[in-house]
Amino acid sequence: MSARGCIVTVWLGLFAFALAARAAAPEATPESLPGSEPHVYRALEPVPLRLHVFKPEGWDASRPRAAFVFFFGGGWTTGTPARAGAAWARVATEWGMVGIAPDYRTRGRFGTSPLEAVADGRAALRWVQEHAAELGVDPARIVVGGNSAGGHVALWTGIGAAPPGSSADESPVWRPAALVLTSAVSDTSLLSGYTPARFGENAMALSPLHQLDDAVPPVLAFHGDADKTVPYAQAVALHERLRAIGRESELATVPGGSHSYANELPEWRDETRERVREFLSALGLIE
């Protein structure tokens, strides 16, 4: 091999090594996000859990506003609030709401299971409710949303009974005023659920579809009918079950949409935001 060929081979090897190292590098837990105020809601060691608060123009703590809390997705394994959570929180500020992007424990960063993720989500909403005065938030007008596994976490803030792994002492004081779900996991049961093995013996007990009660808040859900990760059938089953028990539910079907429909169908990113705005306006949550 020529000297030039050796150099090219070495550079290709170094490039491949750098890519592999980057892929293997663990996600970093963000301590702060641009434009937000971080608050520790669970003082874990060595890494505390924070939620990131985005305030709208003209924010005044003495004039409480509605809030939008959004949980990121990632299969309870990956993800941080830096992307979907922060994006929705910023959109909420454009509507005059306080936007909040909470972190929660994932397997990749904390070595935990979905049970801890659900417990953290419920504790995060409880913390926001208890600190509503300093955040300038009306505790009766808090909307909770989530994407994928984050939708599963969000659903559990709207169910009254504390599931396995969660404490009644950390349960929300009040239900959310509404739930907004995108490509959400709503069924983790053994026969029809998404990755029930992750829940072990608690697969049914942690399945929102099977634990709904008669006080679940109004739900707006978006789901692609070509989702190969979390089947569209889950969204249909959730919608039908909510209607059957007399709860308000709206299902927006994304034709041809995959699990990440907003990335592949940009028009649906705008459509989703507009329909969420209309949904919250109809509930009197956007002034």
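**Entry 1: the cavity**

I looked up the largest cavity and noted a volume of about 40 Å³. I am working from a predicted model, in which local features need pLDDT of at least 70 and side-chain atom pairs count only at pLDDT 80 or more, while totals for chains, interfaces and linings use all residues. Residues are numbered from 1 along each chain as its sequence is written, and side-chain values use heavy atoms, with hydrogens and water left out.

I wrote down the terms on a 1 Å grid over the protein atoms alone: a cavity is a set of points where a 1.4 Å probe fits but cannot get out, and a pocket is an open set with protein on both sides within 12 Å along at least five of seven lines. A lining residue has an atom within 4 Å of a point. Grid points are joined across faces, edges and corners, and a volume is the space filled by probe spheres set on the points.

By this rule I count one cavity of 30 Å³ or more. L181, A184, S186, A221, F222, H223, A235 and L238 line the largest cavity. Two or more lining residues come from each of β7 (219-224) and α8 (232-244), and β7 gives the most, with three. Helices (H or I, at least four residues) and strands (E, at least two) are DSSP runs, numbered from the N terminus. By class I find six nonpolar, two polar and no charged residues in this lining. Here Ala, Val, Leu, Ile, Met, Phe, Trp, Tyr, Cys and Pro count as nonpolar, Asp, Glu, Lys and Arg as charged, and the others, Gly among them, as polar.

**Entry 2: the pockets**

I then turned to the largest pocket, which holds about 780 Å³ of space. Its lining has 27 residues, and R83, A84, N147, A262 and N263 lie nearest the centre. I sorted the lining of the largest pocket into eight nonpolar, 15 polar and four charged residues. The elements α2, α9 (261-264) and α10 each supply at least two residues to it.

The second largest pocket has a volume of about 150 Å³. Its lining includes R63, R65, G96, R141 and I286. By class I noted six nonpolar, one polar and four charged residues there.

**Entry 3: R65**

Is R65 buried or exposed? I found R65 buried, with a relative accessible area of 17%; buried means under 20%, exposed over 50% and partly exposed in between (1.4 Å probe, protein chains only). R65 sits in strand β3 (residues 65-71). Leaving aside residues up to four places away in sequence, R65 touches ten residues I could list, among them W59, G96, D138 and R141; contact means heavy atoms within 4.5 Å. R65 and I286 are 221 residues apart in sequence, yet 8.9 Å apart in space, C-alpha to C-alpha.

**Entry 4: strands and helices**

I followed β3 to β5 (residues 137-147), which it joins by six bridges in a parallel run. Two strands pair if DSSP finds at least two bridges between them. F70 stands opposite G145 in β5. Five bridges join β5 to β6 (residues 178-182), also parallel, and G146 has L181 in β6 as its bridge partner.

In helix α2 (residues 84-94) the buried residues include W88 and V91. Their cover includes β2 (49-54), β3, β4 (98-102) and α10 (266-282). After α2 comes G96, with a positive phi near 85°.

I noted last that 15 of the 17 residues of α4 are buried, so α4 is largely enclosed by the rest of the structure.
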